[in-house]
Amino acid sequence: MAKSINWKRIERIHDHIKLENTGPPLLFATELGISKSLLFNILEDMRIMGFPFAYCRKRKTYYYKDTCEFITDNSAVLRTSDGVKSLL
């Protein structure tokens, strides 16, 4: 069976990463109301989808290495400098 994707959760994670205010993973997961391992699984899924983020140990936050827009209207679209990609 295909994995169900919670687009609202991904949108919330994206918003925090875009603002570069995630904090360390355990704090970020707690803020989202999920476990740290679930956060890591979601981040891995986002990385596979093409979200260009990294983690800065010095600032203790996730950030985007490149421009990134995530649009969820009737579909899920990722826009980076590499182009536009439908995630559905």
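In this predicted model, helix α1 lies across the strands β3 and β4, and the direction in which α1 runs makes an angle of about 155° with that of β3. The two strands beneath this description are themselves joined to each other by five bridges and run antiparallel, and one point at which their register can be followed is Thr 72, which stands opposite Ala 76 in β4.

β3 and β4 belong to an open sheet of three strands, in which the order is β3-β4-β5 and the pairing is antiparallel. Because β3 and β5 (83-86) each have a single partner strand, they stand at the edges, and one side of each is left without a neighbour in the sheet. From one strand to the next, the twist averages 15°.

Helix and sheet also meet in the nonpolar interior. In soluble globular proteins, nonpolar side chains tend to be buried together. Here the largest nonpolar core comprises 21 residues, and those with the most contacts inside it are Ile 13, Ile 17, Leu 39, Leu 43, Met 46, Phe 51 and Phe 53. Two or more residues of this core come from each of the helices α1 (7-19), α2 (25-32) and α3 (36-49), and likewise from each of the strands β2 (61-64), β3 (68-72) and β4 (76-80). Among these elements, α3 gives the most, with five residues.

Ile 13 offers a way to follow the packing residue by residue. When its neighbours within four places in sequence are left aside, Ile 13 is in contact with Phe 28 and Leu 32, as well as with Leu 39, Ile 42, Leu 43 and Met 46.

Definitions and conventions. Residues are numbered from 1 along each chain as its sequence is written. This is a predicted model: local features need pLDDT of at least 70, side-chain atom pairs count only at pLDDT 80 or more; totals for chains, interfaces and linings use all residues. Side-chain values use heavy atoms; hydrogens and water are left out. A nonpolar core is a set of buried Ala, Val, Leu, Ile, Met, Phe, Trp, Tyr and Cys residues joined through side-chain atoms within 4.5 Å. Buried means under 20% relative accessible area, exposed over 50%, partly exposed in between (1.4 Å probe, protein chains only). Helices (H or I, at least four residues) and strands (E, at least two) are DSSP runs, numbered from the N terminus. Contact means heavy atoms within 4.5 Å. Two strands pair if DSSP finds at least two bridges between them. Axes are lines fitted to C-alpha atoms, for helices over the stretch in contact, and angles run from 0 to 180 degrees between N-to-C directions.
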